[in-house]
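Subject: Handover of a structure and its findings

Dear colleague,

Please find below the structure that I am handing over to you. I would ask you to keep it open while you read the notes that follow it.

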Amino acid sequence: MFYDLNVPYSPTDPGLSRTLNFSHELGYNAVALNHSITGKLPNEISCGIPSPLPFKDLPPTLQLLTRCTLHLTETHQNARLLALASHYHILALRPTDEKSLQLACSSLDCDIISLDLSIRHPFHFKHKMLMEAIKAGKKIEICYSQGMMGDSQARRNLIGNVSQIVRATRGRGLVISSEAKSAVGLRGPWDAVNLAAVWGLGQERGFEGVTKEARSAVVSAQLKRTGWRGTINVVYGGERPAEMAEPVANVKAAAVTKQAATSKGTLNGKNDATPGTKRKARSEADTGNVHTGDKPLSKTQVKKRAKLEKLAAEAKQKEQTEAVTTG
């Protein structure tokens, strides 16, 4: 799958639908709509991208993601990044100076670090600083449309900045995006790979920048929001569907009714309530020798009574036999 994780979103842009359709025609399978925030965060944070989009002619196989890019300054050191990230699929930071870049690479939690490569930065990209961010799972973004749609100075700055980033990162952890504000600024995935190769990034690393590394950024962002420390992801929490709740409740009610009936029968004398006499009472009930008095019969008395009843039955049978013989 080919990813383009930076397509600017504007509610007043009439050509956004055409840009998404053209992106799908170029071969991209997933596109992230980018909502940029500059300045102080609002009190009530919500997603600035509507879902679903008010377009009816979008390709059904195109996966749309939401992304928020916060322009980072010194005042955003304690920004509510967790609350902001919970409303988007991807959270990106755009540092404006060396100090904010150091914060983004070290302490601030984000998914992508996106730099404005069309301007000349008054500092150098250090290997130790960028590798600290990459080891933490953050990706460094390269946007090719910043220089292609600008003047010659912007193109020159883009090539110089990309060369510095490739040299500082050794080509690792880089994501290639378009940041195209219209369909004219889009290029196909392989065209982006060839551009990165011209700027000093190997073709294999460039191919990973639009496939593997981009997918890793999306999956890592999802695990941060739906999982626990990136190791456990709760897919199904065991919630019972609504159509199964009523039959289960009926079964539980029937079980409670049956248990109540059993308890009532025990109290009415169907079973002996005393644990010590339960087995003895069952034995006497089976032999038919249940004594209704206060004191139960002993085993000797039960045997004696059974013997007398047997002798009486034999004597009665003998009398009947003699009567038949004499008659």
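Leaving aside its neighbours within four places in sequence, which residues is lysine 139 in contact with? The residues in question are Asp111, Ile112, Ile113, Gly173, Val175, Glu213, Ser216 and Ala217. Please bear in mind throughout that this is a predicted model.

Lysine 139 and its partner

Lysine 139 lies in strand 6, which covers residues 139-143. Its relative accessibility is 10%, and because buried means under 20%, lysine 139 counts as buried. One of its contacts, Glu213, deserves a second look: the side chains of lysine 139 and glutamate 213 are joined by a polar contact of 2.7 Å.

Helix 8 and helix 9

Glutamate 213 also takes part in the packing of two helices. Two packed helices are described by the angle between their axes and the distance between the axes. For helix 8 (residues 203-210) and helix 9 (residues 212-226), the angle is about 35 degrees and the axes are 3 Å apart. Helix 8 contributes Glu208, Gly209 and Val210 to the contact, while helix 9 contributes Lys212, Glu213 and Ala214. By character, the residues of this contact comprise three charged, two nonpolar and one polar.

Lysine 224 is another residue of helix 9. With a relative accessible area of 39%, lysine 224 is partly exposed, because that term covers values between 20% and 50%. Apart from neighbours within four places in sequence, lysine 224 touches Asp109, Cys110 and Asp111. Asp111 also appears among the contacts of lysine 139. In addition, the C-alpha atoms of lysine 224 and alanine 85 are 9.4 Å apart, although 139 residues separate the two along the chain.

Aromatic pairs

How many aromatic pairs does the count come to? It comes to four. One of them is formed by phenylalanine 2 and tryptophan 190, whose ring centres are 6.2 Å apart. Their planes stand at 70 degrees, and an angle over 60 counts as edge-to-face, so this pair is edge-to-face. The pair links distant parts of the chain, 188 residues apart: phenylalanine 2 is in the segment before strand 1 (3-8), and tryptophan 190 is in helix 7 (residues 189-198). Are these two residues buried, or partly exposed? Phenylalanine 2 counts as buried, at 17% relative accessibility, whereas tryptophan 190 is partly exposed, at 45%.

Tryptophan 190 also pairs with phenylalanine 207, and this pair is stacked, with 5.3 Å from centre to centre and 15 degrees between the planes. Here tryptophan 190 of helix 7 is linked to phenylalanine 207 of helix 8, 17 residues apart. Phenylalanine 207 has a relative accessibility of 32% and counts as partly exposed. Ring pairs thus join Phe2, Trp190 and Phe207 into a cluster.

Serine 100

The last residue to look up is serine 100, which is found in helix 3 (residues 98-106). Its relative accessible area is 1%, and since the limit for a buried residue is under 20%, serine 100 is buried. Leaving aside neighbours within four places in sequence, serine 100 is in contact with Leu72 and Pro95.

Yours sincerely,

A colleague

Technical notes. Residues numbered from 1 in each chain as written. Predicted model: local features only at pLDDT ≥ 70, side-chain atom pairs only at ≥ 80, totals over all residues. Heavy atoms only, no water. Helix = DSSP H or I, 4+ residues; strand = E, 2+ residues; numbered from the N terminus. Buried < 20%, exposed > 50% of the residue type's maximum accessible area, 1.4 Å probe, protein only. Contact = heavy atoms within 4.5 Å. Axes fitted to C-alpha atoms, helices over the stretch in contact; angles between N-to-C directions. Nonpolar A, V, L, I, M, F, W, Y, C, P; charged D, E, K, R; others polar. Phe/Tyr/Trp six-rings, centres within 6.5 Å; stacked < 30°, edge-to-face > 60°. Polar contact = N/O pair within 3.5 Å; in protein donor to acceptor, adjacent residues only side chain to side chain.
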